[in-house]
Amino acid sequence: MNAITRHPVRSLVIVLAGIVVGLILLAIVAARLWSADELRERVTQLASDQLGLPVHVDGDVSLRFWPLPTLHATEVRVGPAPGSGDDPVGELEAISLSMRWWPLISGDLVPETLRLDAPVARLTPGILEALAARGTPTDTGRGDPNEPLDLRIRDGEIHWRTPAGDREMSIKGLDLDLDNLHWQRPAEGEHLLAQASLNLTASADAVRLNTLHLSDVTLSGSAEDGMFATDDWQMTFLDSRGKGNATLDFRNSPPNATLEIAFDSLQLANLPEQWAPAGSVSGSAELTASLTSKVEPGSVPRHLQGEVKLSGRDLRLRGVDLDAELADYRRIQRFSLVDAGAVIFLGPAALLATKGSDFVRMLDGAQDKQTQVVQLVSDWTIKEGTARTRDVALSTTRNRVAAQASLDLPSRRINQATVAVVDRQGCPVVTQEVHGSFDAPQVEEPNLIEALLGAPIGLLQRGLAAISRGDESCEVFYAGSVTAPSD
């Protein structure tokens, strides 16, 4: 019987002690072979080659071997050097990359965990296209792509904007844990993430898309062979805690995305000032959305499909008395129904976070005027980027205003839109048409029925729904869920 068989425990201790001694000697040798400056140069050159962008390490670079071989660097910048006049594409306080022991002993470099502390990424469509054009990282011929990698991001920021600055997105306070990240090189024609698998948890203090602001966002999810699914979304918008879920399917080209969200008590008093003057709207509303789209740079709105619904009761609009404006046909001829209609256009407009509307101008009047909105419904369907009204109307204590519209979301244009005051039967009493771009709509003159011109002022003050059309028949303009005011 040999010594190993007779004393297995002692033999194992000797082997482990030999490994530890060897690692200590390796660390000493590495420290002597590579000075801090040489190690920094090797790291920056390798990172620059992989990213295709200059990488600068302004802080320390160190290599430690216990408990795992780990490369650590501080004050890292990606992008132009100081004095170039441009901001860095990215920067971070610290980065740590740990390696697996046993593959390293056999000569393979297999990452274990990558941690990024306080990273900031500043992206544009051009930068993303340049990174995508490089494809996958250079194959070093070492390691196993099936070995999982864990990614940790703490207190990160991501900023994205178009060169013209007309669209922008930002994420702040990002904490991200990606566990068991598997990636394999995709087949010809497949998306870069078609063979990716992972588990994730994430949170962000704030997410902003143009004028749309979300806070306290949390989610969890997983991916398997290119199919990403996130559930248990929670987020705060207009002081309402909402829920949602989403999927990203990278198995198709282009990838497909789905999104479902629901908020049950949006506080309209907190609408962004780009949408409405402060204090001009009060009350709560419900919002639900179910959307799908193909994910291609710059073409998500063109492929957008789904449903969006906003509804509320007992709302107040300050700065305008809609009923008083509609009580005199002479004032109606100067009053823009489209301004009032903008209230019920909020459904699809919120999708693209438009830069404002005539609604803002309407509510910027005398604060002693106000309108009580008894019921509001803004229900839209979207197909191939075109939003169409399904049930869009509001009622006050005396009147009912409805809309029919078709909106081209990718082009930000109004294909056709008509806003109308309707009577009890849903027939139009006053109509007004609008067309053109979201930012500069062309509004036509109001069209009044003949019965309105001869109506006594007392009848008009009861509301236009009380106008009698006699035996005149009409084509019903509105037959939705918003009921006519009672006498």
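A hairpin of six residues connects strand E12 to strand E13. This turn is a convenient entrance to the structure, which is a predicted model. The two strands that meet at the hairpin, E12 (residues 240–249) and E13 (residues 256–267), run antiparallel and are joined by seven bridges. One of the facing pairs is formed by Asp249 and Asn256, the latter in E13.

Before the path is followed further, the whole protein deserves a brief description. The protein has 487 residues, of which 41% count as buried. Its secondary structure comprises twelve helices and 23 strands. Among the contacts with a separation of 6 or more, 55% are made by residues 24 or more positions apart. The accessible surface amounts to about 25700 Å², and carbon and sulfur atoms supply 53% of that area.

From E12 the path can be traced backwards along the chain. Strand E11 (residues 227–237) pairs with E12 in the antiparallel sense, over nine bridges. Within this pairing, Met235 has Gly242 of E12 as its bridge partner. The hairpin of E11 and E12 has two residues between the strands, and Leu238 takes a positive phi near 50 degrees there. A value of this sign merits attention because most residues other than glycine have a negative phi.

Strand E11 is also joined to E10 on the path, by seven bridges, and these two strands run antiparallel. Here Ser220 stands opposite Asp231 of E11. The hairpin of E10 and E11 has two residues between the strands, and Asp225 adopts a positive phi near 50 degrees in it.

The next step back leads to strand E9 (residues 197–209), which is joined to strand E10 (residues 212–224) by eleven bridges in an antiparallel arrangement. Asn199 finds its bridge partner in E10 at Ser222. These strands form a hairpin with two residues between them, and Asn210 in the turn has a positive phi of about 55 degrees.

Where in the chain does Ser170 lie? Ser170 belongs to strand E8 (residues 168–182). Apart from neighbours within four places in sequence, Ser170 is in contact with Ile158, His159, Ala206, Val207 and Arg208. Is Ser170 buried or exposed? Its relative accessible area is 6%, and since buried means under 20%, Ser170 counts as buried.

Another group of paired strands occurs earlier in the sequence. Strand E4 (residues 90–99) and strand E6 (residues 120–123) are paired in the antiparallel sense over two bridges, with Gly90 opposite Ala121 of E6. Strand E6 is also joined to strand E7 (residues 149–161), by four bridges, but in this case the strands run parallel. Leu123 has Trp160 in E7 as its bridge partner.

Positive phi values also occur at two residues that lie in strands. Asp155 is located in E7 and has a positive phi of about 55 degrees, although it is not a glycine. Glu75, in strand E3 (residues 70–78), has a phi near 55 degrees, which is likewise positive in a residue other than glycine. How accessible are these residues? Partly exposed residues lie between the 20% and 50% limits; Asp155, at 49% relative accessibility, therefore falls in that class. Glu75 is also partly exposed, with a relative accessibility of 47%.

Attention may now turn to a loop. Pro301 is placed between strand E15 (284–294) and strand E16 (305–318). With a relative accessible area of 23%, Pro301 is partly exposed. Although Pro301 and Arg412 are 111 residues apart in sequence, their C-alpha atoms are 9.8 Å apart in space.

The final stop is inside the protein. The structure holds two cavities of 30 Å³ or more, and the second largest has a volume of about 30 Å³. Which residues line the second largest cavity? Its lining consists of Leu268, Ala269, Leu271, Ala276, Pro277, Ala278, Gly279, Ser280 and Val281. By class, this lining has seven nonpolar residues, two polar residues and no charged ones.

How values were computed
Residues numbered from 1 in each chain as written. Predicted model: local features only at pLDDT ≥ 70, side-chain atom pairs only at ≥ 80, totals over all residues. Heavy atoms only, no water. 1 Å grid on protein atoms, 1.4 Å probe; cavity = no way out; pocket = protein on both sides within 12 Å on 5 of 7 lines; lining within 4 Å. Points joined across faces, edges and corners; volume = space filled by probe spheres on them. Nonpolar A, V, L, I, M, F, W, Y, C, P; charged D, E, K, R; others polar. Pairing = 2+ DSSP bridges. Buried < 20%, exposed > 50% of the residue type's maximum accessible area, 1.4 Å probe, protein only. Contact = heavy atoms within 4.5 Å. Areas by Shrake-Rupley, 256 points an atom, 1.4 Å probe, with all protein chains shown as cover.
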